[in-house]
Amino acid sequence: MTKKENHHATRDNLRDWRTPLRVDGPAAPTPAVCHLVAGFDRHEASHAALTYAMDLAGRLDAFLHVAHIVDVDDMPVEPDRDDWEERFADAVEAERTEACTMLATLPGNWAYYSREGNPAQLLTTVAEANDALMIIIGTSRGGVMSMFERFLGESVSSKLVHHAQRPVLLVPEH
């Protein structure tokens, strides 16, 4: 199998997922009037939130900053496999590809960020740095894990609602 046929990145061309990444979309013909920040991950509510954020950005002539925080959801299940690092990088790259494909339909300005860290803190940092009007995220995924996250104080939506200095818009999955 040649490098081109291999669907996994090779060790030589593997982008280190630990390195922060920013991808800028094409410049819009008119400058942005304001800024919005949206969180993005592989869950349906997140996709709904990005779709809503894109619509809102178009209506407001806003620059849309989309952040994917690399976390345990991106990690492959079997950490002892030889290709674990490549599979992790593939998952992070798949998130970037999906978000940038969605964003490519946006006629305005946008940027995509991928980095590891605390999701609520990073979304707040991007919002503050750009004086964003609001932060847009998908609602809780529900289930046992969401219940534990809320109980342990790790829920992204709870942290943002209680600690962010910006309005937070929660978009339901449907």
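**View 1. The whole chain follows the pattern β-β-α-β-α-β-α-β-α-α-β along its sequence.** This is a predicted model, and its chain holds five helices and six strands. Of the 174 residues, 40% are buried. Take contacts between residues at least 6 apart in sequence: 77% of them join residues at least 24 apart. The accessible surface comes to about 10000 Å², with 56% belonging to carbon and sulfur atoms.

**View 2. Here we step into the largest nonpolar core, a set of 24 residues.** Leu36, Leu50, Leu64, Leu103 and Ile136 have the most contacts inside this core. Two or more residues each come from strands E2 (34–39), E3 (62–70), E4 (110–116) and E5 (134–138), and from helices H1 (44–60) and H2 (84–103). H1 gives the largest share, seven residues.

**View 3. Leu64 is shown with the residues that it touches.** Setting aside residues up to four places away in sequence, its partners include Leu36, Ala38, Leu50, Ala53, Met54 and Ala57. Leu103, Leu106, Asn109, Trp110 and Ala111 are also in touch with Leu64. Another core, of 16 residues, lies apart from the largest one, and Ile69, Ala111, Leu122 and Ile135 are among its members.

**View 4. Helix H3 (residues 119–129) is seen here with its buried residues and its two ends.** Ala120, Leu122, Leu123, Val126 and Ala127 are buried. Their cover includes E2, E3, E4 and E5, along with helix H5 (156–163). At the N-terminal end, Asn118 acts as the cap, with a side-chain oxygen 3.0 Å from the backbone nitrogen of Ala120. Just after H3, look for Asp131, which takes a positive phi of about 50 degrees.

Terms used. Residues are numbered from 1 along each chain as its sequence is written. This is a predicted model: local features need pLDDT of at least 70, side-chain atom pairs count only at pLDDT 80 or more; totals for chains, interfaces and linings use all residues. Side-chain values use heavy atoms; hydrogens and water are left out. A nonpolar core is a set of buried Ala, Val, Leu, Ile, Met, Phe, Trp, Tyr and Cys residues joined through side-chain atoms within 4.5 Å. Buried means under 20% relative accessible area, exposed over 50%, partly exposed in between (1.4 Å probe, protein chains only). Helices (H or I, at least four residues) and strands (E, at least two) are DSSP runs, numbered from the N terminus. Contact means heavy atoms within 4.5 Å. A polar contact is a pair of N or O atoms within 3.5 Å; within protein, one must be able to donate a hydrogen and the other to accept it, and residues adjacent in sequence count only if both atoms are side-chain atoms. Accessible areas come from the Shrake-Rupley method with a 1.4 Å probe; for residues, only the protein chains shown count as cover.
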